[in-house]
Amino acid sequence: MKRIVIILSLFLGSSIVLRAQVIRGAQSSEGAEYERIADEAYKNNNMSRAAIYYRKALVIAKGTVVDVTPYNNRINDLNRALNAANDRIRMLTADLDAEKAKSKGGKTVYVPGETKVVPSPFAIYFMSGKATLTNQQKNSIKYFVETAMAANPDLVYEVIGAHNSAEGSAATHARLVQMRVDAVLNVIRSCGGNYKISEKNLGGTDEFSRTDKSLNDVVVIK
């Protein structure tokens, strides 16, 4: 009886050891597969997928007698790569905002920690002796207000009106210029918003161009 018990004990003991070896081998095989997937993802710059599978491999490795330092090093490398990618995304976003600002009639001023859009001067040209805005001009003014001006509601804006000095009297110039300024102001106010705006009537002038007089029939928002 004792001999049978001893043999049975030895048999059971060897079975337990064998089972432990099989389980450890299965874990090692699964960990190797996870590591392979992670390496492939890393080579393809798929950092998120690589991090997931490196962590899975690490979990399995911790259940066996394996040095987990290489896994931790790779995960740390991935975290650094992800941080660098996020910084790159922030830079590209700032560049995109700058390009959008240019398309909206403004220029971008870079201030540490922020990106600010400052409107560039916007000109509306008139026929000589006229003060009426076309529908296209009204739409252009509205677009400028709703984009460039709306981005900086706290700035003080100036509406400057002029007429070419070659035609008409000084009184006529002043009257037409004020009508032009009023027409532009009416469109700005129709867009809503509480903008700080000052007016300036230059009358007849060649301030904007001495060679092309038609360029002086203008209202400028700046």
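Two strands count as paired if DSSP finds at least two bridges between them; strands (E, at least two residues) and helices (H or I, at least four) are DSSP runs, numbered from the N terminus. This is a predicted model, where local features need pLDDT of at least 70, side-chain atom pairs count only at pLDDT 80 or more, and totals for chains, interfaces and linings use all residues. Residues are numbered from 1 along each chain as its sequence is written, and side-chain values use heavy atoms, with hydrogens and water left out.

**Exercise 1.** Work out how β4 and β5 fit into the sheet.

Step 1: Look at the pair itself. β4 (residues 156–164) runs parallel to β5, and eight bridges join them. One to find on screen: His163 has Gly204 of β5 as its bridge partner.

Step 2: Zoom out. The order is β3-β6-β4-β5, an open sheet with mixed pairing. β3 (122–125) and β5 (196–205) sit at the edges with a single partner strand each, so one side of each has no neighbour in the sheet.

**Exercise 2.** Find what α5 (residues 170–190) lies across, and which of its residues are buried.

Step 1: Place the helix. α5 lies across β3, β4, β5 and β6, at about 155 degrees to β5 (axes are lines fitted to C-alpha atoms, for helices over the stretch in contact; angles run from 0 to 180 degrees between N-to-C directions).

Step 2: Pick out the buried residues (under 20% relative accessible area, 1.4 Å probe, protein chains only). Among them are His173, Leu176, Arg180 and Ile188.

Step 3: Check their partners. The buried residues of α5 pack against β3, α4, β4, β5 and β6, with contact meaning heavy atoms within 4.5 Å.

Methods:
Buried < 20%, exposed > 50% of the residue type's maximum accessible area, 1.4 Å probe, protein only.
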